[in-house]
Amino acid sequence: MKKEISWLPILIQCRDNVKRRITPLLKTAKKQQQPNLGIGAGGDPIKQIDIEAEKAIVETLVRQGISFTLISEESGIKEYGGKPDENYVTVDPIDGTTNLTRGIPFYATSIAVSTKLELNAVHTALVADLSHGTTYTAKKGGGAYRDGKKMVPSKQTSLEEAVIGIDLNTYKAREIASCLTSLIEKTKHIRHLGANALELCYVADGTTDAFIDIRGKLRTTDTAAAWLIIREAGALITTPNGKPLEAKLDPKERLTFVASANLQIHEKILSLMKEG
Ligand code: IPD
Ligand code: CA
């Protein structure tokens, strides 16, 4: 029979171990001193700090005697223990590595646990803001919490007043610009903070009102945990056409999405994007 695992305390231990492992490296984490150590499974250059954070997560799970399949932005897909298909653990060890290496205090670790290699099978999630010490968690059917306090998304419906995150970090900006122009023209406060898992948690807890990434570049490893947190908080996340987000949990799989605090603002955003 499958062993019942109480995942949240274990994910908290993973977070603590990541913090412990990366703290000594933070002093020397400036870009010039941190060479790239090859290309990760997700297609981006790997830094020592990404590797250490991933090791900290794996080490914690192995120490607990858990069998699992790891789906990581750095190492790709790897099996641990005798029954690796019992649990799937999708991680972005450090989301926002560029922020971290440039000293910008906005980066996170992101861990999602699922029963299958599919986004909609994620049942437990943690995103931890490592520089501010804030932790976002969710359990399927159990709500979403920020440092143990239930999260409530914003009720903002005015696009003019809303704070909307848009990731325009792509060489193909021209290709997606037309979909976004009408929306940008109607919104006073556009942001991109550089760690998308955390920016999705900002929508979940009412800090911002929406976050949009239609580049076709973001990996499921960055999104899996925040996907559950957004939904459990009662916010929305769909494709740019308003369809449910479906994806394989694989470092090579890419997603496009619109996440919003409430249905009214979501519909306004989708309709302005359609205009483009
Ligand atoms: C990056 C961040 C960033 C986004 C990039 C991602 P990483 O994650 O989420 O905001 O623009 O596309 O790759 O590489 O630091 O894990
Ligand atoms: Ca990363």
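I began with the separation of the two domains: the centres of domain 1 and domain 2, taken over C-alpha atoms, lie 21 Å apart. The model is a predicted one.

I then looked up the bounds. Domain 1 covers 7–150 and domain 2 covers 163–275.

**Interface**

I checked how many residues meet across the boundary. On the domain 1 side 43 residues are in contact, and on the domain 2 side 32. I noted the buried area next: about 2,900 Å² between domain 1 and domain 2, with 67% of it on carbon and sulfur atoms. For domain 1, I found that F106, L119 and Y136 supply 27% of the area buried against domain 2, more than any other three residues.

I turned to the polar side of the interface. Between domain 1 and domain 2 there are 10 residue pairs in polar contact, both residues at pLDDT 80 or more. I also recorded two salt bridges across the interface.

**E73 and the calcium ion**

I looked at E73 by itself. E73 forms a salt bridge with R219, and their closest N and O atoms are 3.2 Å apart. E73 also coordinates the calcium ion (ligand 2) through OE, listed twice. The other protein donors I listed are D92 (OD), also twice, and I94 (O), and the distances run from 2.3 to 3.1 Å.

Along the chain, I read the donor spacing as E-x18-D-x1-I. I checked burial for two of these residues: D92 and I94 are both buried.

Last, I asked why the arrangement around the calcium ion (ligand 2) is irregular. The six donor atoms subtend angles of 44 to 172 degrees, and the arrangement is irregular because of these angles.

Key: Residues are numbered from 1 along each chain as its sequence is written. Chains are lettered from A and ligands numbered from 1 in the order in which they are written. This is a predicted model: local features need pLDDT of at least 70, side-chain atom pairs count only at pLDDT 80 or more; totals for chains, interfaces and linings use all residues. Side-chain values use heavy atoms; hydrogens and water are left out. Donors are N, O and S atoms within 2.8 Å of the metal (3.2 Å for Na, K and Ca); water is not among the atoms, so sites may look incomplete. Four donors count as tetrahedral if all angles lie between 85 and 135 degrees; four count as square planar and six as octahedral if opposite donors are over 155 degrees apart and all others between 65 and 115; anything else is irregular. Buried means under 20% relative accessible area, exposed over 50%, partly exposed in between (1.4 Å probe, protein chains only). Domain bounds come from an automatic or database domain assignment. Contact means heavy atoms within 4.5 Å. Buried area is the accessible area (1.4 Å probe) that two parts lose on being put together, summed over both. A salt bridge is a side-chain nitrogen of Lys or Arg within 4 Å of a carboxyl oxygen of Asp or Glu. A polar contact is a pair of N or O atoms within 3.5 Å; within protein, one must be able to donate a hydrogen and the other to accept it, and residues adjacent in sequence count only if both atoms are side-chain atoms.
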